[in-house]
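Please examine the structure displayed below. The explanation that follows turns to the ligand and its surroundings, and then to a pair of helices.

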Amino acid sequence: MSVFKISSLEQYHQQYRESVENPEKFWARIAAHFHWHKQPKNILEWNFDNFDVKWFRDGELNITENCLDRHLADRGETPALIWEPNDPEEHHRVLTYNDLHEKVNQFAQVLKQNGAKKGDRICIYMGMIPELAIAVLACARIGAIHSVIFGGFSAKSISDRLQDAQAAYVITCDGAYRGAKDIPLKEVIDDALIACPFVKRVIVCTRTRRPISMIKGRDVWWEDEIKKVETLGLKNVHPEVMNAEDELFILYTSGSTGKPKGVVHTIGGYMVYTNYSFVNVFQYKPGDVHFCTADIGWITGHSYILYGPLCAGATSLMFEGIPTWPDAGRFWDIVEKYQVNILYTAPTAIRSLMGFGMDHITGKDLSSLKVLGTVGEPINEEAWHWYDNNIGKNNSPVVDTWWQTETGGIMISNIAGITSAKPTFATLPLPGVQPLLVDENGVEIIENNVSGNLCMRAPWPGMLRTTYGDHERCKKTYFSTYPGLYFTGDGATRDDEGNYRITGRVDDVLNVSGHRIGTAEVENAINMHAGVVESAVVGYPHDVKGQGIYAYVIDENTHGDEELTRRDILQTVTRIIGAIAKPDKIQFVSGLPKTRSGKIMRRILRKIAEGETQNLGDTSTLLDPGVVDEIIKGKLV
Ligand code: WT7
């Protein structure tokens, strides 16, 4: 295991050095730990100018054989997934590797019986139940490309994604439980499908058994389909042998334009990278129970609930509910109940639980915890120490893991107990990761302790390969700002020891509770509201969410009842994007600060939203400096 697992600081440095000096040799050695139908010889081909990256290009494999089949002989009876339901009174479920293997095969048969095949795009819109994991893996088993959509997105968001991916199959549930809510997933899908006549099959898994419409010829029940393949005696599906560079999944994410893009990950590189990063960052040991609190609808769930841990033969805990329901002790009860060893969550959850004090923690046995992780947004010093003191009892390293949907896996992070943690710093790059900071002209910043824009100078196996259906957009988004470099969209600083501290997005992307939301997307949604003339959306610091959404709106139609109009606008945003994009504050204004060429000066709006009234910078180029005073006067607290 020594080439794979980093067990000392010296090994970290050694692996890092080797990964930079000879990436092909380094990754070939890591890749040799997996099950291939054809071992790759051609390790890396790349070009960032005309973005084209291929890892293990002549390798052939099926990722589900690596996640399931190869573990059966040694640990078939080891739990692969432990599922904790939303309601603590309901019984939990445990799926061993044998069970999961069987169920994935069965559902893969269902997909095949319904005509799905290699290369088809399959959209998955489900709650956090084991069948979601089964559906994802069944797609990979038959070589179909999954695209999971988070349960909080609206019908319109789903139909946009279905159209972009031209997905003919949808897998969903009647409903989903989240805290006190019962979310009508199938109903949302029905609305989405009005605009998607090309969808030929919807497979509906029962969870809440709320009344739903089932359209003859299009909609079928998961349970009935399973019975059919059982009756036919269909068991294991021969795993489709895929090329390493075939597409594994599409995951839509926001950028600085109005339209989300489909980030595409391919099989071989993603598998190798998520597994390698999982084992090393969290210092996973066989037998460990790993609890990643993310939803599988986001990249964190893809990489660190499913593929990374399952590839390692780990026990991955999947939680249907939310941290604060029925009370704010939910995470700690789960840790105690299953003797969780690795806990991986988001700063927003930590800050929210911090607010509930120690009542829900005191008396609970958290002694099984060995490693604590955070992801999704910068963690503030207070939350970091709270996590370290009260959850880890200063006895479990906290890993602050920086990465993105596009990077596939963790890029910059301390390695639990091996490299040093530093509060608010993601710290050092993993082997294979070559970060650098550049100034706005793209000139590399060599000195330390100054801020710059975070880029990568070389490819790593887990990186995105394209944006679905639009490679030009991918090149433009990530490789044109600083030619020859991958630009992350984040700002960062570096200390004298080489530790990176990520300060946040430098583009028009917000990070609300660890979820990425483009300001242009929110503006588009607000502008669709009847009466709205124009709007501008910026982020502002929020105690729990990290960033809140502040919208300045010109509306000619408030009918004197601003509060009602505000609520109407929120309703429109919920319809167009989903509740996650609802502005926290809407200020009605009569004008927006614009330059003479008509560009909105967001810098000023951002400062005002942050509470700044004095140092707004240069306002002399404004078309009408008067609007600024009006906006300051009307600022919402
Ligand atoms: C953006 C990516 C990576 C999975 C979850 C979010 C921010 C992520 C950190 C961290 C500071 C972080 C960045 C990044 N971010 N992790 N440890 N420290 N910022 O994935 O939705 O693709 O968002 O999240 O701004 O660009 P995502």
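In this predicted model, the ligand offers a convenient point of entry: one of its oxygen atoms lies 2.9 Å from a polar side-chain atom of Arg 505. The protein covers the ligand to a considerable extent, since of the 560 Å² that the ligand exposes when taken alone, 96% is buried by the protein. Helix H10 (299-311), strand E20 (398-401) and strand E25 (500-505) are the elements that each give two or more residues to the surrounding shell.

Further polar pairs can be located around the ligand. A polar side-chain atom of Thr 405 is found 2.5 Å from an oxygen atom of the ligand. At Pro 378, by contrast, the backbone takes part, with a polar atom 3.4 Å from a nitrogen atom of the ligand.

The shell as a whole comprises 17 residues, of which Asp 400, Thr 401, Thr 405, Asp 490 and Arg 516 are the closest to the ligand. Sorted by class, the shell contains 6 nonpolar, 6 polar and 5 charged residues.

Attention may now pass to the packing of two helices. Helix H2 (residues 23-31) and helix H9 (residues 267-281) have axes that come within 10 Å and cross at roughly 85 degrees. An angle of 65 to 115 degrees counts as roughly perpendicular, and H2 and H9 are therefore described as roughly perpendicular to each other. On the H2 side, the contact is made by Phe 26, Trp 27, Ile 30 and Ala 31, while H9 supplies Val 272, Tyr 273 and Tyr 276. This contact of H2 with H9 has 7 nonpolar residues, with no polar and no charged ones.

Technical notes: Residues are numbered from 1 along each chain as its sequence is written. This is a predicted model: local features need pLDDT of at least 70, side-chain atom pairs count only at pLDDT 80 or more; totals for chains, interfaces and linings use all residues. Side-chain values use heavy atoms; hydrogens and water are left out. A residue is near a molecule or strand if one of its heavy atoms lies within 4 Å of it. A polar contact is a pair of N or O atoms within 3.5 Å; within protein, one must be able to donate a hydrogen and the other to accept it, and residues adjacent in sequence count only if both atoms are side-chain atoms. Accessible areas come from the Shrake-Rupley method with a 1.4 Å probe; for residues, only the protein chains shown count as cover. Helices (H or I, at least four residues) and strands (E, at least two) are DSSP runs, numbered from the N terminus. Ala, Val, Leu, Ile, Met, Phe, Trp, Tyr, Cys and Pro count as nonpolar, Asp, Glu, Lys and Arg as charged, and the others, Gly among them, as polar. Axes are lines fitted to C-alpha atoms, for helices over the stretch in contact, and angles run from 0 to 180 degrees between N-to-C directions. Angles under 35 degrees count as roughly parallel, over 145 as roughly antiparallel, 65 to 115 as roughly perpendicular and the rest as oblique. Contact means heavy atoms within 4.5 Å.
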